Structure formats: C-alpha cells, structure tokens
Amino acid sequence: MSAKEIVLEFYKSDVLLESETVSKFLHADVVLEWHSSKGYLKLKHQEIIDLSTELGKAYVRSKARITHILEDGNTVSVRYAHYVKTIENPREEMLLAHFMVVWELKNNKLYRGYQMSQL
C-alpha cells in the first residue's frame, strides 16, 4: 500500500472515532504537532489514542471531506474539512474544523504529523 493509500484509509469515515483502529495506523514513536485556533499541541501515541476515544464518546459519525491530497515519497499532505454528527442530534452534520496536515510515514505507519486547523 502506498503512503497516500494509508493516509486515505486513516481519514476514511468514522476511523477517527475508533481508538483501536486509529492505533493500528500509528507508529509507536508518532508525534503530531498541531497548531489549532486554541493554541499549540504536541501529541504522542497515547494522547492521540485518548483524543480518538473522546471523539468516539462525543460523536456518532465522522467524515473527512478531502479536497487535496499530495504524495511525495513517504510524505503525504492532506487538506480536508472534518464533519461530525453528535449523539444528541445524529441527523445533523456539523463542521468541526478545516485541517491541513503533512504526514511522514515510517514502516507504513503515521510517524510525524504537522497539522493546522481552524473553525
């Protein structure tokens, strides 16, 4: 599987809500540097899993609508809008945020991520 195909699988519907599935995509030494509208975060493996667990508790559906994806060797850049459906209102899709992320893969796993997001 190519780096691009792995990243596409990672952003497939509902994967981000399933911490066990997310864990399968992550390298043991993964680091995600995230600049969000609330500040800078540096997340390691367990923190990414914990975030996925929390998302799974809050939302019943998750969809990344990818507008751009570029691959250069083991590096993949993705631009997408992340939409979710809440437990309280599962019929209404709401925009969580817009994202731009660059992933470096190592051993076919997400290894280094550099992400920016805004509402």
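**Fold, pockets and a few notable residues**

From the N terminus on, the elements of the protein chain run α-α-β-β-α-β-β-β-β. That makes three helices and six strands, where helices (H or I, at least four residues) and strands (E, at least two) are DSSP runs, numbered from the N terminus. The model is a predicted one, in which local features need pLDDT of at least 70 and side-chain atom pairs count only at pLDDT 80 or more, while totals for chains, interfaces and linings use all residues. Residues are numbered from 1 along each chain as its sequence is written, and side-chain values use heavy atoms, with hydrogens and water left out.

As for overall shape, the radius of gyration of the protein chain is 14 Å, close to the 14 Å that the globule rule gives for 119 residues, so the chain is as compact as a globular protein of that length. Here the radius is taken over C-alpha atoms, and the globule rule is 2.2 Å times the number of residues to the power 0.38. Taken along the principal axes, the C-alpha atoms fill a box of roughly 40 × 30 × 30 Å. Of the 119 residues, 37% are buried; buried means under 20% relative accessible area, exposed over 50%, and partly exposed in between (1.4 Å probe, protein chains only). The accessible surface of the chain comes to about 7200 Å², and 51% of that belongs to carbon and sulfur atoms. These areas come from the Shrake-Rupley method with a 1.4 Å probe, and for residues only the protein chains shown count as cover. Among contacts in the chain with a separation of 6 or more, 50% are between residues 24 or more positions apart, a contact being heavy atoms within 4.5 Å.

Next come the pockets. Rolling a probe the size of a water molecule over the atoms shows where empty space is left. On a 1 Å grid over the protein atoms alone, a pocket is an open set of points where a 1.4 Å probe fits, with protein on both sides within 12 Å along at least five of seven lines, and lining residues have an atom within 4 Å of a point. Grid points are joined across faces, edges and corners, and a volume is the space filled by probe spheres set on the points.

The largest pocket holds about 620 Å³ of space. It is lined by 29 residues, and those closest to its centre are Trp34, Leu51, Leu55, Phe99 and Gln115. Two or more lining residues come from each of β1 (26-36), β2 (39-44), α3 (45-58), β4 (75-86), β5 (93-106) and β6 (109-118). Helix α3 gives the most, with five residues. Sorted by class, this lining has 19 nonpolar, eight polar and two charged residues; Ala, Val, Leu, Ile, Met, Phe, Trp, Tyr, Cys and Pro count as nonpolar, Asp, Glu, Lys and Arg as charged, and the others, Gly among them, as polar.

In the second largest pocket there is about 180 Å³ of space. Its lining is made of Arg65, Thr67, Arg79, Tyr80, Ala81, His98, Phe99, Met100, Met116, Ser117 and Gln118. The elements that give two or more residues here are β3 (59-72), β4, β5 and β6. By class, the lining has five nonpolar, four polar and two charged residues.

One of these lining residues, Tyr80, lies in strand β4 and counts as buried at 5% relative accessibility. Tyr80 and Ser117 are 37 residues apart in sequence, with 9.7 Å between their C-alpha atoms. Leaving out residues up to four places away in sequence, Tyr80 touches Tyr11, Ala64, Arg65, Ile66, Thr67, Ala97, His98, Phe99, Val101 and Gln115.

Two serines are buried as well. Ser77, also placed in strand β4, is buried with a relative accessible area of 18%. Not counting residues up to four places away in sequence, Ser77 touches His68, Ile69, Leu70, Met100, Val101 and Val102. Ser52 belongs to helix α3 and has a relative accessible area of 2%. With the same neighbours in sequence set aside, Ser52 touches Leu16, Leu17, Glu18, Ser19 and Val22.

Finally, there is the backbone in one loop. Most residues other than glycine have a negative phi. Asn107, although not a glycine, has a positive phi of about 55°, and Asn108 has one of about 60°. Asn107 sits in the loop between β5 and β6, and so does Asn108. Asn107 is exposed, with a relative accessible area of 63%, and Asn108 counts as exposed at 54%.
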